[in-house]
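Hi everyone, thanks for making time for this. Could you pull up the model on your screens and follow along while I talk?

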Amino acid sequence: MSRIDRIIKLLQDNPDDVFLNFSLGMEYLSQKREDLALHQFDKTISLEPTHLAAHFRKCRILVSAKDEAATIAIEQGVAIATAAGDEHIADQLRQMLS
């Protein structure tokens with residue numbers, strides 16, 4: 001059974017588990033399945049709006065895809081990172097705008 005299959009199985013019992021949703025997104029990302037990863041990062045953010053790692057990964061996918069939604073996602077991520085006092089992530093997100 002693959003890691004993705006194991007995580008999906010665990011999510012059946014705990015669909016709102018933030019860690020599992022983020023982990024599934026990372027597994028999809030490692031397999032270059034950006035569309036599925038983006039969905040999981042969105043779900044992670046819906047469950048925990050201040051999840052900086054999910055925001056960061058989402059923004060990278062959107063920037064790579066040259067998606068128009070990237071700018072808005074980055075601005076939201078910068079605001080959340082700044083509010084959390086994480087200037088490192090805020091700066092990394094700002095660099096994505098260039």
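Let's go straight to a salt bridge: Arg-3 pairs with Glu-27, and their closest N and O atoms are 3.4 Å apart. Please keep in mind that this is a predicted model. Arg-3 belongs to helix H1, residues 3-13, while Glu-27 belongs to helix H2, residues 18-30. The two are 24 residues apart, so this pair links distant parts of the chain.

Now, are the two partners buried or exposed? Arg-3 is exposed, because its relative accessible area is 51% and the cut-off is over 50%. Glu-27, on the other hand, is buried, with a relative accessible area of 14%. And what does Glu-27 touch, once we leave aside its neighbours within four places in sequence? Its contacts are Arg-3, Ile-4 and Ile-7.

As a general reminder, side chains of opposite charge can pair when their charged atoms come close. How many salt bridges does a search of the whole structure find? The count is four.

Let me take you to another of these. Asp-42 and Lys-58 form a salt bridge, with 2.8 Å between the closest N and O atoms. Asp-42 sits in helix H3, residues 34-47, and Lys-58 sits in helix H4, so this pair ties together parts that are 16 residues apart in sequence. Asp-42 is partly exposed, at a relative accessible area of 33%. Lys-58 is buried, with a value of 18% for its relative accessible area.

Next, please find helix H6. The side chains of Arg-94 and Asp-91 meet there in a salt bridge, at 2.6 Å from N to O. Why are they separated by about one helical turn? Because Arg-94 and Asp-91 are three residues apart in helix H6. Arg-94 is partly exposed, with a relative accessible area of 35%, and Asp-91 also counts as partly exposed, at 38% relative accessibility. There is a little more to this spot: Glu-87, Asp-91 and Arg-94 are joined into one network by salt bridges that share partners.

While we have H6 in view, let's talk about helix packing. In general, two packed helices are described by the angle between their axes and the distance between the axes. Helix H4, residues 52-64, packs with helix H6, residues 87-96, at an angle of about 10 degrees, and their axes are 10 Å apart. That makes H4 roughly parallel to H6, because an angle under 35 degrees counts as roughly parallel. Which residues make the contact? On the H4 side they are Phe-56, Cys-59, Arg-60 and Val-63, and on the H6 side they are Gln-92, Leu-93 and Met-96. Sorted by class, this contact of H4 with H6 has five nonpolar residues, one polar and one charged.

Some of those names come back in the next topic, the core. The largest nonpolar core has 27 residues. Which of them touch the most other members? They are Leu-24, Phe-41, Cys-59, Ile-74, Leu-93 and Met-96. As for where the core residues come from, H1, H2, H3, H4, helix H5 (70-83) and H6 each supply at least two of them.

If you'd like one core residue to click on, try Phe-41. Not counting residues up to four places away in sequence, Phe-41 touches Phe-22, Gly-25, Met-26, Leu-29, Ala-54, Arg-57, Lys-58 and Ile-61. Notice Lys-58 in that list, the salt-bridge partner of Asp-42 we visited earlier.

Now for a couple of loops. Lys-32, in the loop between H2 and H3, has a positive phi of about 60 degrees although it is not a glycine. Lys-32 is exposed, with a relative accessible area of 65%. Over in the loop between H4 and H5 we find Lys-66, again a non-glycine residue with a positive phi, here about 55 degrees. Lys-66 is exposed too, at a relative accessible area of 73%.

Finally, here is a distance to help you find your way around. Arg-6 is in helix H1 and is partly exposed, with a relative accessible area of 42%. From its C-alpha atom to that of Leu-97 is 36 Å, and the two are 91 residues apart along the chain.

That's my tour, and thanks for listening!

Note on methods
Residues are numbered from 1 along each chain as its sequence is written. This is a predicted model: local features need pLDDT of at least 70, side-chain atom pairs count only at pLDDT 80 or more; totals for chains, interfaces and linings use all residues. Side-chain values use heavy atoms; hydrogens and water are left out. Axes are lines fitted to C-alpha atoms, for helices over the stretch in contact, and angles run from 0 to 180 degrees between N-to-C directions. Helices (H or I, at least four residues) and strands (E, at least two) are DSSP runs, numbered from the N terminus. Angles under 35 degrees count as roughly parallel, over 145 as roughly antiparallel, 65 to 115 as roughly perpendicular and the rest as oblique. Contact means heavy atoms within 4.5 Å. Ala, Val, Leu, Ile, Met, Phe, Trp, Tyr, Cys and Pro count as nonpolar, Asp, Glu, Lys and Arg as charged, and the others, Gly among them, as polar. Buried means under 20% relative accessible area, exposed over 50%, partly exposed in between (1.4 Å probe, protein chains only). A nonpolar core is a set of buried Ala, Val, Leu, Ile, Met, Phe, Trp, Tyr and Cys residues joined through side-chain atoms within 4.5 Å.
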